[in-house]
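Please open the model in your viewer and keep the selection tool at hand, since each stop on this tour begins with something to select.

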Amino acid sequence: MPTCPADPPQKVPCQFELDVPYLGHLDNSSGLKPGTPLSLPLWLAEMLALASAGEDSKAPLTLNLPPCLSDQVINALKADPRAVALRDQSAHFYGVGVRMLDLFDERELGAVLRTTFVVRANNVGLHARKGEDSVGGQGEEFLRGLDEWERNLFRRGHEGVRAAKEWTDKVKKL
């Protein structure tokens, strides 16, 4: 899968496992107690979930899969990956998914993400080849549902088709 240059902060659901008295400002309380649910930016939640004071100590929080990777979304992707507007789930859907796969042992999720990307990449390539037709009408709606990786793929495909056409036109003139 392609890389996305800069993923913005994605919030993920967490649950604190320890008493943390000086972080109450995160949920407008005097302190975080064990069992407190909270949504944190992925980068922070990941650091806290992987942190521990020693070999036998617990991490301060448990990290959960974000809503964009909920069972409902995954089941919809299994049914028809093209029917799900990924951008409505997360602008950086695949980036979040890949990051979660680094943190969780979710083989089924990995398989669904791979299949989704392959099926949707084919569709993105078809729209990119259509050229200007993809920018108006139904094409606009199609582009609106793409996550950033797919948009980048579309741009590169569209630029490649345009460059090939320019080159062919240039060769014909020779």
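Begin by selecting the cysteines: a search of the whole structure finds 0 disulfides, a disulfide being a pair of cysteine sulfur atoms within 2.5 Å. This is a predicted model, in which local features need pLDDT of at least 70 and side-chain atom pairs count only at pLDDT 80 or more, while totals for chains, interfaces and linings use all residues. Residues are numbered from 1 along each chain as its sequence is written, and side-chain values use heavy atoms, leaving out hydrogens and water. Cys 14 is buried at 3% relative accessibility, and Cys 68 is buried at 2%, where buried means under 20% relative accessible area, exposed over 50% and partly exposed in between, with a 1.4 Å probe and protein chains only.

Next, select Leu 69, Leu 77 and Phe 93, which touch the most other members of the largest nonpolar core, a group of 27 residues. Such a core is a set of buried Ala, Val, Leu, Ile, Met, Phe, Trp, Tyr and Cys residues joined through side-chain atoms within 4.5 Å. Around Leu 69, leaving aside residues up to four places away in sequence, the contacts (heavy atoms within 4.5 Å) include Ile 74, Phe 93 and Val 96. For a second, separate core of 6 residues, select Val 124, Phe 142, Leu 143 and Phe 154, which are among its members.

Finally, turn to helix H1 (helices are DSSP runs of H or I with at least four residues, strands runs of E with at least two, numbered from the N terminus), where Leu 42, Ala 45 and Glu 46 are buried. These residues lie on the same side of H1 because they cover an arc of only 100 degrees around the axis, taken from the directions from the helix axis to the C-beta atoms. On the face turned away from that buried side, look for the exposed residues Trp 43 and Met 47.
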